[in-house]
Amino acid sequence: MTCADVQARLVDLLYGELDEEALLVDLLYGELDEDNQASPSAHLERCADCGAAWLTLQSVSSALDRWTAPAPRGLAERALATLAAREAAAARAHNPGLAVSHVLGFLLAGAAAAAVSLLLISGAPPEQPTPLTVGLAGAVWAALYGGASFLAQHGRYRRLALAALIAAGVSVLGAPVLSMPAVIEACRRWLEAAQGSVALNGLIVLAGALYAAAPVSLSSAFVARPRPGGIWADAVRVASLYGLLLAPSVYLQCYTMTLSQAAPWVAGVLLGSLLGSTGGITVALRLRPASA
Ligand SMILES: [Zn+2]
């Protein structure tokens with residue numbers, strides 16, 4: 001093996017990539033001279049020139065291993081600032097579209113729910129509501145349903161909003177059967193009392209309370225995730241949202257009545273909403289005490 005052969009292989013030797021098989025093949029085809037057929041390492045021990053070249057290569061290599069490129073001053077800070085700015089720009093570019101489609105989605109869902117609710121309710125009053133009344137109630141309802149379904153998917157009170165939404169849906173579904181004028185009329189006939197009598201008003205309050213309490217107590221008991229110590233606050237949240245969602249239904253059913261006719265029913269609905277959600281959340285706390 002000549003000096004040129006050895007020095008051509010020094011880098012391979014340094015990185016442990018020297019192919020001994022390839023050396024043997026070279027030897028076999030006479031490409032290495034036979035005087036120096038020993039391995040490159042053996043040659044390095046004998047030859048001063050190649051030994052010196054080998055030592056130089058090793059010292060340069062170990063110096064390179066120890067060297068780290070100095071980072072320019074403030075480079076890391078600048079890189080982080082650039083990255084943060086890019087992420088912020090990407091978020092700004094992404095969010096408006098998302099927010100608009102998101103809001104549109106909830107409004108469409110709200111409008112669909114409002115349309116179904118109007119179909120169920122508009123048959124109930126003794127007089128057909130005017131198109132303007134239906135339109136206004138429908139618009140309010142669409143916004144309420146959209147907002148409630150948004151609350152049911154975002155934020156801290158998701159489960160409470162869901163409980164209110166389910167209860168309102170059940171109430172509206174029951175409206176054609178248990179419509180408010182029909183219930184009031186049934187109460188009147190059952191008591192054979194005149195409009196405005198104390199007994200009849202008490203019974204109407206009770207009927208309104210039961211009508212409102214039944215769905216919300218069940219939905220609160222099975223859907224709400226109560227927090228210990230927060231029963232009243234959570235009950236007020238459910239009852240408020242539920243009452244809002246029922247408002248167009250109550251309005252459509254009683255706008256033909258006088259205030260004194262409608263007031264006991266409205267009072268009963270408010271009372272039932274609050275008592276029903278409180279009862280339901282109390283039961284939920286007993287059923288799932290761990291959910292905090
Ligand atoms: Zn040599």
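Accessible areas here come from the Shrake-Rupley method with a 1.4 Å probe. Keep in mind that the model is predicted.

**Exercise 1. Describe the surface and the burial of the protein.**

Solution. Start with the outside: the accessible surface comes to about 17000 Å². Carbon and sulfur atoms account for 67% of that surface. Then turn to the inside: of the protein's 292 residues, 36% count as buried.

**Exercise 2. Work out which elements build the protein and in what order they run.**

Solution. Count first: there are 12 helices and zero strands. Reading from the N terminus, the elements therefore run α-α-α-α-α-α-α-α-α-α-α-α, with helices as defined from DSSP runs. Next, consider contacts between residues at least 6 apart in sequence: 79% of them join residues at least 24 apart.

**Exercise 3. Determine how helix α7 is placed against helix α11.**

Solution. Two packed helices are described by the angle between their axes and the distance between the axes. Let's take both in turn.

- Distance: the axes of α7 (residues 131–153) and α11 (residues 231–254) come within 10 Å.
- Angle: these axes cross at roughly 165 degrees. Angles over 145 degrees count as roughly antiparallel, so α7 is roughly antiparallel to α11.
- Handedness: α7 passes α11 in a left-handed crossing.

**Exercise 4. Identify residues that make the contact of α7 with α11, and sort the contact by chemical character.**

Solution. On α7, the contributors include Thr 133, Trp 141, Leu 144 and Tyr 145. On α11, Leu 241, Pro 248, Ser 249 and Tyr 251 are among them. Sorting the residues of this contact gives 13 nonpolar, two polar and no charged.

Methods
Residues are numbered from 1 along each chain as its sequence is written. This is a predicted model: local features need pLDDT of at least 70, side-chain atom pairs count only at pLDDT 80 or more; totals for chains, interfaces and linings use all residues. Side-chain values use heavy atoms; hydrogens and water are left out. Axes are lines fitted to C-alpha atoms, for helices over the stretch in contact, and angles run from 0 to 180 degrees between N-to-C directions. Helices (H or I, at least four residues) and strands (E, at least two) are DSSP runs, numbered from the N terminus. Angles under 35 degrees count as roughly parallel, over 145 as roughly antiparallel, 65 to 115 as roughly perpendicular and the rest as oblique. A crossing is left-handed if the near helix is turned anticlockwise from the far one by less than a right angle, and right-handed if clockwise. Contact means heavy atoms within 4.5 Å. Ala, Val, Leu, Ile, Met, Phe, Trp, Tyr, Cys and Pro count as nonpolar, Asp, Glu, Lys and Arg as charged, and the others, Gly among them, as polar. Buried means under 20% relative accessible area, exposed over 50%, partly exposed in between (1.4 Å probe, protein chains only).
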